[in-house]
Structure formats: C-alpha cells, structure tokens
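Colleague: Could you take one part of this model and walk me through it slowly? I'm new to this, so please explain the terms as you go.

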Amino acid sequence: MTQLLSLDVESIAAGGDGIARHDGLVVFVPRTAPGDRVAALVEQKGRLARGILQRVERPAPERVTPECPHYEGDQCGGCQLQHLSLVAQREAKRRIVADSFRRIGRREVPLPDLRTDNKPWRYRSKLTLGLRRTRGRWIAGLHPLGDPGGIFILNDCLIADERLMVVWREIMAAARYFPNADVLRGAVRLYGSPHSAAGLVLEGARDWGTHADFFASTPSLAALWWTPDGGARRLLHDRGPRGPDHTSGASFAQVNRGVAALLQAFVIGSVVAYAPRTVVDAYSGAGDSAVALAKRGIRVTTIELDPDASAYARARLPAGSRALTARVEDGLGAALPADVVILNPPRAGVDPRVTARLRADGNVRAIVYVSCDPATLARDVARLPAWRVARVTAFDMFPQTAHVETVCELVPEHAG
C-alpha cells in the first residue's frame, strides 16, 4: 500500500535516511533532516516503510542547500547528508554509533567524541566510477540514489581531490582503447608521492588487446591493473616507483589521508597506553601501524590476507616482529598470545571464529577495534560479553556521507 503522508523527521538512520513515525509505523525517508516536516510517498512493508520525499513542508534549522549540483539534480547516491550542516552531520554520526551499541550490542555507551580535520570537501584520494557504453560512446559516472544499476554522467565530485577529476578526464579521452565490453568499472587512486601520480584498477571484459595503447595515452597513470571477468587482478603496466605505497598500490588504503593520519595516531596512542610488549595487528593492510609500534620496541605480528600488502609489511618490520599472510580467523591462533590485539576488519566485521578465539584467550589485556560500520562493530562487541567497553571514539572520515569510522577499546570485565 502506498500513501502520501505528512511526517515529522526525528533522527538519522545508519544509512543516512531520516526516521519518522506514523501511527506506530517506522518510516525511512532519504534526504530529510531531523526537525523537518515533509510530505512523502510511503510504501509499507510490515512494521517498516520507506518514503520518497515529495516536498519539505517545514525545513529543519540545520537543513542547508547542497553545494554539489549532482546531489539533487541527478539524485547522486555517493553522498547522503549534503542537505545537513556539518554540525548536524557530525551529531547524527555520534548518535548512529551510540544507537548501534544500544540496539545491536546491548551496551549503553555515551555519545562518542568525534574527531575531524575540518576538511569537508575535496578529501577523497580515490574515486570509483561506473563505465557504460551507450550508442557507441563511453560515459563515466556514479549511481543515482536507489538505482545501483544506473549511472549519470559525472562532471565533478566535490568530495574528490580535484586531481582525480583531471585523471578521469584523461582516461575518458582514451576510452577508444577500453576493452570490448558494454559495462566496466574503474577505480583511480592518487599516490602519496609524487602527488601527481595515480593508479587505475579497471574491472570487466575478458580480453584487452589495446591496454598498451591505453596506457601510452594516459601519462598521469603511474600504474595500470586489470581484473578481467572471472579472473584475478594483475598489474599490466608500471612506470616505476610511486612513493611509500608503491608495492601495495592496488590494495586497500583510506581515501581521506588527513583523517586517516589522525585515526592512526589515535590507535597507536591507545595501544601504547597499555604498555604492551607484544601486539597482534589483525587485518593489518600494508602494516603502517605495525611498523610504527615496532619502532617503539614492541614485538608485532601482522595478519593480512592480501599477499602484496603482507609482503610490504614484512619487508619493513624489524627483527622480532613478523607478518602472517592469512585470513585472521585462520592466523590468529598462531599469532597469540599477545598483550593487545588490534582489529581493523572490512565492513562485514570479524568472523565469529575471531571473537571465539579472543574469548578463549586469557592473556589479551585490551582489544582496539577499528570499524567502518557501527552495526557490525556492535554485533562483534556483543560476541564478547566478558569484555567491557572502555572508550568509543568516532572519526569523520567521510564528510557529506553517512559513513563513520569508530575506534572501540575493550578490556576484560575484571580489569581495573
């Protein structure tokens, strides 16, 4: 059943939708703000419903005009909160974290501190676009809100570093050398040094006989990877050293370098505060945190599935520390015992075998859990009932979006 309702928006949900209630029905309405009164076309499913905003009848004080023309003009789904002031965005993220702990983790935590570098625009060092061939012409863009199969032509992305847009324009000028396909996906990442260098990971198609011509036509690219349909990612071209991340250029790295530096310093400080002699850095990536801890005389064991990132960590760790290339659920037993365990999993959180292994170990004095999803963080904390939440801190890694990074410190219940 679909009906037009007048709704008062109360809060922001984890995905960025506004939450309203009507006769006991919970309604999620994208692009609304707490304090808005809106008219929405609502479709009910059980005790939940989703609304499509028709008009704002009474705007909230914290509602602002979005700066990016794609946000409303193309209903860009890349950002969810541009219609909120920065103050309101940050307050919403603090509440999302605390609410996740309460609803999912069954833990009451205070609203966390939220840290930021106060750079709300042009912070992304990576931009992934969908590529479509339409009437013989390639277009590149992002997905509209609620339409993951569609794309609109992207002229500019205001949260992306301007240099990314320069590289993407160069790539599209060489689109005649794309592989024979109708749908592709590309991710451009800027390297730390030199700042003008970038790498492209192209996904899709089965054959690419013109990749050398493409690379020759894109001088801004320092490296080109390709992931064919049904195949593994491979490096096709490399123009040489690309700075400190050169051996892991296609591996995961935070896209907001300023806030990532704040977060890493915070995590290192949190770990060091427990005066550990041994640390496990799980889901360690290229090992930057592990190397920083090892320089302080701590014996560190990293666990990382990506072989390139793990090899890079191994090459930089001093004697006494080690790097394991494995899934964390498979390698954690070999890495323990340790005084402190760092968990920095992907959005899906940790495997239940990880929390089970930590529950069974009596030597770990603290867990420092770095999360990009408050819901999976709260779920994993609920799997550690004998551990107390000592501190929760949020980081505004992705302004204008509903995403929030969280660091949760856990100690055994019996700890002082």
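Modeller: Let's start with Cys79, which is buried, having a relative accessible area of 7%. "Buried" here means under 20% relative accessible area, "exposed" means over 50%, and "partly exposed" is in between, using a 1.4 Å probe and protein chains only. Before going on, a word of caution: this is a predicted model, where local features need pLDDT of at least 70, side-chain atom pairs count only at pLDDT 80 or more, and totals for chains, interfaces and linings use all residues. Residues are numbered from 1 along each chain as its sequence is written, and side-chain values use heavy atoms, with hydrogens and water left out.

Now, does a cysteine make you think of disulfides? A disulfide is a covalent bond between the sulfur atoms of two cysteines. For counting, the rule is a pair of cysteine sulfur atoms within 2.5 Å, and by this rule the count is zero disulfides. Cys79 is in no disulfide, and the nearest cysteine sulfur, belonging to Cys76, is 6.1 Å away. Cys157 is in no disulfide either; for Cys157 the nearest cysteine sulfur is that of Cys79, at 6.2 Å. Cys157 counts as buried too, because its relative accessibility is 9%.

Tyr71 is a good next stop, since Cys76 and Cys79 are among the residues it touches. The others on that list are Arg31, Pro66, Gln80, Leu81, Gln82 and His83, with residues up to four places away in sequence left out. Touching, or contact, means heavy atoms within 4.5 Å. Tyr71 sits in helix α1, residues 69-73. Helices (H or I, at least four residues) and strands (E, at least two) are DSSP runs, numbered from the N terminus. Tyr71 counts as buried because its relative accessibility is 2%. From Tyr71 to Asp99 you go 28 residues in sequence, and the two are 27 Å apart in space, C-alpha to C-alpha.

Moving along, we get to a pair of arginines. Arg106 lies in the loop between α2 (86-103) and β6 (113-115), and Arg107 is in the loop between α2 and β6 as well. Arg106 is exposed, with a relative accessible area of 70%, whereas Arg107 counts as buried at 15%. Arg106 also has a positive phi of about 55°, although it is not a glycine. What does Arg107 touch, not counting residues up to four places away in sequence? Its contacts are Phe101, Arg102, Val381, Leu384, Pro385, Trp387, Arg388 and Val389. Take Arg388 from that list: its C-alpha atom is 9.2 Å from that of Arg107, though they are 281 residues apart along the chain.

You can find another positive phi at Asp23, about 50°, and Asp23 is not a glycine. It lies in the loop between β2 (18-22) and β3 (25-29), and at 71% relative accessibility Asp23 counts as exposed.

For a strand, look at Ala198, which is in β11, residues 198-203. Ala198 counts as buried because its relative accessibility is 0%. Leaving aside neighbours within four places in sequence, Ala198 is in contact with Val167, Val188, Arg189, Leu190, Tyr191, Ser220, Leu221, Ala222 and Ala223. Its C-alpha atom is 8.2 Å from that of Leu164, and those two are 34 residues apart along the chain.

Further on, Ser289 is in helix α6, residues 288-294. It counts as buried at 18% relative accessibility. With neighbours within four places in sequence set aside, Ser289 is in contact with Gln264, Ile268 and Asp281.

One backbone detail is worth finding too: the peptide bond from Leu336 to Pro337 is cis, with omega near 5°. Pro337 is in the loop between α8 (328-335) and β17 (340-343).

Finally, zoom out to the chain. It has 10 helices and 20 strands, and buried residues make up 53% of its 416 residues. Among contacts between residues at least 6 apart in sequence, 59% join residues at least 24 apart. Along its principal axes the C-alpha trace spans about 60 × 60 × 35 Å. The radius of gyration is taken over C-alpha atoms, and the globule rule is 2.2 Å times the number of residues to the power 0.38. A compact globule with 416 residues would have a radius of gyration near 22 Å, and the chain's 23 Å agrees with that.
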